[in-house]
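Welcome! Let's walk through one small sheet together, in a few questions and answers.

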Amino acid sequence: MNDEPIFIALNELIFKAGDLTLDSGKRQVFIAGEEVKLPKLSYRFLETLIKASGNCVTTAELIEQVWDGKTVGDDTITQRASLLRKSLAGTRKDKRPFYETIRGEGYRWLSEVREVSSSDFQKPAIDQQGTKYKMSILIFTLVAIIALIGYWVSAPKLSVQNLNTSLNQMASDDSLNTSDNMFEMLLQRAANYGKEFNSDSNQIAINLYHQASLIQPDNEAVLQGLTLALLHRVSKYNGQTELLKTTDQYTQRLLQTNEQNPYNIWLRGFHFDVTGDITNAMKSYEKALVVAPDSSEVKGSLAYLYVQKGRLHEAMHLNIDTLGSLQEYQLLQIADVLMLSGLSEKARNWYTKAHQLAPNNAFAAVGLAKYYYLSAQLPEAKEVIDNLHQRNVSTADSYLMLGLISIESENYKVAYDAVSMANNLKPESLYISPWYQWLSKLQNPARIAETLTPNLSEDSWPNLWVAGAVSAIAEDNKPLAIERILKAEELGFLDYRFLETSKVFKSLFNETAFVAAINRMKLKAQAEQIKIKNYALPKIDYLMK
């Protein structure tokens, strides 16, 4: 039998152009070691420019190579070039352009391009001098394994298989003959796991960053990566809020080291974001955007907070600017803006595409389920969440969403069980606790459920004030509930559909102040809708190509 085909993939060409690497075999793109995910057309556009190696690629050549000779107009090519430029610029720390537009002709890649075979990246032979490092690196690796396993014992939801695979690969890699090589390997593996956006991978990333910090404790990249992973642990994967004390120290330390680094400023904003201080989070994000106006990460974070504050058209503007690379979170944010502004049919398309793009992403599933929930399509909403849970993917937010759906279906036993599960997963959540309190009282009016008291202020998220209103309703304190709804509206809350849909707020429907607040929210949403309609929103199907 001929074994040659097995090795074909190893000989695919890899193109190096400055800090950008394009692997034509795996169809992957990296900038400074960070992978950039591109839609198919954007990838083909980039590959065509790079393979031209500094020569001008005409529009006719692009049509042939990117669109397979199909009839496309100049506007389509220009838009694709713009999307690619935004996608690449969002990951680059300096402002140098990757390629230029040659008016009337086409596009030209600017930096020098080198072609190398992936076979060039095989493990280097170890000479006799290198063997003296063998024993020391073996000992170091064993210490790392013991430390990682010790950390794993106390870490929730860590995938043993993934951890062992990662460690075994490192231990058997002959190229790791110095601590510097081990450090680089740990750093790269940690970054890769951090990008997978699930609980197990997040915990593995934290472990690996900790190990890297043992080698280089003052390394900025390690501190940045560990801080981000810890913040994701708290905000997305039911991590303990006690970790925020650590991220507070780390983000301050990063700013003391380099206060003009936009990523450090952004991380500080993300820390405030997760702690619930929306005012200081926005200030940090806006400061980071001044320093790095092309950063997709900063724009996306700021856009999300603008949505919470009712600044929908500003959020849409930022979101459109980040559409160069296709990520489910970008689609979800655009869907949220469309939904809140009253463009529900358009929103449904974006929610659906985000869910198709990442069916195992809890945020995408909860977003689509909430759309169905607000549209009175409860069976469809429940099906989305049930399918997510059947794939063994569940979060506090997904169980809370199941609880809200079940409340509207008047299946209060299921609602109570679901919200109890959410409360168990995230007992410190000020958003979940009031719903648990309300359902507990509904199940047993004589029972006083233990609940968290939110520390509400002008800097709090508007939806936290709404959660506080639910707690007040559970305590039969209508005046306090209305007061908190009014404050939420003042701070920018626009999700009037939620207030109108949920049975929890039914007791307020005849209250004049509550009805007036709902009507003001509708007027504000309509005003935002008029502004949003002025934006040229790309067609979602085009972006998915």
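Before we start, a definition helps: two strands count as paired if DSSP finds at least two bridges between them. Keep in mind that the model is predicted.

Q: Which residue in β7 is the bridge partner of T58?
A: Strand β5 covers residues 57-58, and β7 covers residues 106-109. The two run antiparallel and are joined by two bridges. For T58, the bridge partner in β7 is G106.

Q: Which residue in β7 does E100 stand opposite?
A: Strand β6 spans residues 99-102 and pairs with β7 in the antiparallel sense, over four bridges. Within the hairpin of β6 and β7, three residues lie between the strands, and G104 takes a positive phi near 80 degrees. Opposite E100 in β7 stands R108.

Q: Why is one side of β5 and of β6 left without a neighbour in the sheet?
A: The three strands form an open sheet, with antiparallel pairing and the order β5-β7-β6. One side of β5 and of β6 has no neighbour because each has a single partner strand and stands at an edge.

Q: What angle does the direction of helix α1 make with that of β7?
A: Helix α1, residues 40-51, packs on the sheet and touches β5, β6 and β7. Its direction and that of β7 make an angle of about 65 degrees.

Definitions and conventions. Residues are numbered from 1 along each chain as its sequence is written. This is a predicted model: local features need pLDDT of at least 70, side-chain atom pairs count only at pLDDT 80 or more; totals for chains, interfaces and linings use all residues. Side-chain values use heavy atoms; hydrogens and water are left out. Contact means heavy atoms within 4.5 Å. Axes are lines fitted to C-alpha atoms, for helices over the stretch in contact, and angles run from 0 to 180 degrees between N-to-C directions.
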